[in-house]
Amino acid sequence: MSNSSTRIVIGTAGHVDHGKTSLVKALTGTDTDRLPEEKARGISIELGFARLPLDGDRTAAVIDVPGHERFVRTMVAGATGIDLALFVIAADEGVMPQTREHLDICRLLGVSRGLVALTKIDRVDEEMRRLATDDVREAVRGTFLERAPVVPCSAVTGEGLERLRSALARAVIDAPARALDGLARLPIDRVFSVKGFGTVVTGTLAAGTLAVGEAVEILPSGVKSKVRNLEVHGEPRPRAEAGERVAANLAGIAQDQVARGDVLAPDGAALASLVVEVELTALSICPAPIGKRSRVLFHALTTHQDAHLVLVGGSALAPGDTGIAQIHLPRAVALLPGDRFVLRGFRALPGHGSTIAGGRIVRVAARPLRRPSSADEARIRRSAHAAPDELVGFELEAAGAAGITARELRARTGAAPQVLERAIHQALSRRLAVTLDRDTGRVVTLAALTEPKRRIVQALDDFHGREPLLPGISREQLRTAAGAAVDARVFVVALAELDREGLIEEDRDLVRRRGFSVTVAEARSEDLVGRVRAALAAQGLGPASLATLAQELRVTEGATSSALEILVRRGDVVRVKSDLFFHHDAVAGLRASLRDFLRAKGQITAQEFKQLTQQSRKYAIPLAEYFDAEKVTLRVGEIRKLRG
């Protein structure tokens, strides 16, 4: 594992033509202006990269950003992921509009460490140098640079460069190392092609590790690839770690399939969002409140795009205030909770550029809120201040009855594996959640089962009300009756919970409400049962249909059907077909007559059987087939013989 100091990224910041690129070249020996247009115009247009030796064997990566207001989007892409800001302010010009905007951007992106290089001191006298230093101190008051060193230097004469190098070395000593167990993401800030190797992407690895041979995908497109080679600070490496400047050579992917703003991540590990929930702060220098629904320029990681801001709670966000919002993006971005972002307007503010607000992502892949409520605001605020394990718990709740896997939780929260394991274990052990699918480890909260359980109980109650004389309903019929919202996995788990709670009971494949008794229902229906039995006995081998029988008895078909089921269960009635019932005595008498006939004649034709029943084919054929099924007769062609 590399020393944490080699995983430090220093980013320059400051107004155009204040000498950022010249200073980086003087410190590192690398000219970060590589484009002919940059050299011709004398200003940086694209991000530049260099390696800065510190003391001993320690090094840091340096990102040189453009200072011109037209390239702020490029500056933000470079500033994302830096650990230390090197603010470059020319002594002969002092603090300028882009100095202030870059300072605002660094603050909004969560940069908390830095120092100031007061450059071009070879152009001013001592008095001007002191005035410039005072100007800097006034400009950074109340910011993270308030107590930072201000180092006068000149890239031309070399004065102050060693002092600046030493100040940088001291500043990076205590910089916190990034988590190596986080979800690996490489926000791409540059794409190019190398002859014989193919596509190469570069960026600062935000978290985790990336290894040669690893299967990866480009988000949001989902294009798959594999890491062919890795370089860190220009040196080949088998593995890159969080915080390092990385160049990744990708296999089987064309240069036009990836662009700045995309994110490289392990295959299937991350997700891209079109809607994110955020906590944001409006800059105090904003001339007016930010409206409830505003069009803004959204900058996060290395992407920038037009977006729609929807405040959640309140009609506007006043300058200097912090609020809750949703941001709707036209192109999905692989963001995670905790990622910082910047919002810019479409007109420059006096002396400050066009940056108006910024903050951090609270929740990714959110559901668009058409009419945000106070409950929505409270929920997002709760997430904004949640610990990692609490955030996992919130996503467990939000998953609903569909449940969620540890892999999906990691993609939504970026939580370390041990945090996920602990949170899921606690939810299961405290019976706040149950396992929905053991093969995938998908879990669902018990709270999310409330509605499926209600649907199942309602379906059971409806069935018992409709069929009071049946002992229960099959599991498959019950799942269908509960509705499409209750899928097969949820049904099984919800049924088990209802059984555990003592609300239902199962008898083989039948399910019924606990305490339900067919005996009680039969007792209440005994009068109707007797009337149905008597009617069938009187009708003999020519029974009425269910509908006709119900009409004759002046009761519903459902009640008549239930009475018939009781009689079949008792043996008083024989079900010959699903909708054809005979009194037991009539069938028994026909069975005896049939046996006598066959013993005397040896066989019987269909016509002879019809004459034996003295009924039409409507009844004769089903009865003949019934005796075949009961193994009384054996059909041979067009005749039947006695079995046995």
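Helices, taken as DSSP runs of H or I with at least four residues, and strands, taken as runs of E with at least two, are numbered from the N terminus. Counted in this way, the secondary structure of the protein chain comes to 20 helices and 34 strands, and the reader should keep in mind throughout that the model is a predicted one.

The overall dimensions come next. The C-alpha atoms of the protein chain fill a box of roughly 135 × 55 × 40 Å when the box is taken along the principal axes. The radius of gyration of the chain is 39 Å, whereas a compact globule of 644 residues would have a value near 26 Å. Of the 644 residues in the protein chain, 51% are buried, and among the contacts between residues at least 6 apart in sequence, 67% join residues that are at least 24 apart.

Turning to the surface and the charges, the accessible surface of the protein chain comes to about 29100 Å², and carbon and sulfur atoms account for 49% of that area. The chain carries 89 positive and 80 negative charges, and the mean positions of these two sets lie 4 Å apart.

The side chains can be approached through their rings, since the structure holds four aromatic pairs. One of them joins F582 and Y619, whose ring centres are 6.2 Å apart and whose planes meet at 80°, so the pair is edge-to-face. This pair links distant parts of the chain, with F582 in strand 31 (residues 580-583) and Y619 in helix 20 (residues 617-629), 37 residues apart. Both F582 and Y619 are buried.

Another aromatic pair is formed by F609 and F627, likewise edge-to-face, with 6.4 Å from centre to centre and 75° between the planes. Here, too, distant parts of the chain are linked, because F609 belongs to helix 19 (residues 606-613) and F627 to helix 20, and the two are 18 residues apart. F609 and F627 are both buried, and ring pairs link F609, Y626 and F627 into a cluster.

A last stop is S383, which is placed in helix 7 (residues 374-384). S383 has a relative accessibility of 10% and therefore counts as buried, the cut-off for that class being under 20%. Leaving aside neighbours within four places in sequence, S383 is in contact with V362, L391 and F394.

How values were computed. Residues numbered from 1 in each chain as written. Predicted model: local features only at pLDDT ≥ 70, side-chain atom pairs only at ≥ 80, totals over all residues. Heavy atoms only, no water. Rg over C-alpha atoms; globule rule 2.2 N^0.38 Å. Buried < 20%, exposed > 50% of the residue type's maximum accessible area, 1.4 Å probe, protein only. Contact = heavy atoms within 4.5 Å. Areas by Shrake-Rupley, 256 points an atom, 1.4 Å probe, with all protein chains shown as cover. Lys, Arg positive; Asp, Glu negative; His and termini not counted. Charge placed at Lys NZ, Arg CZ, Asp CG, Glu CD. Phe/Tyr/Trp six-rings, centres within 6.5 Å; stacked < 30°, edge-to-face > 60°.
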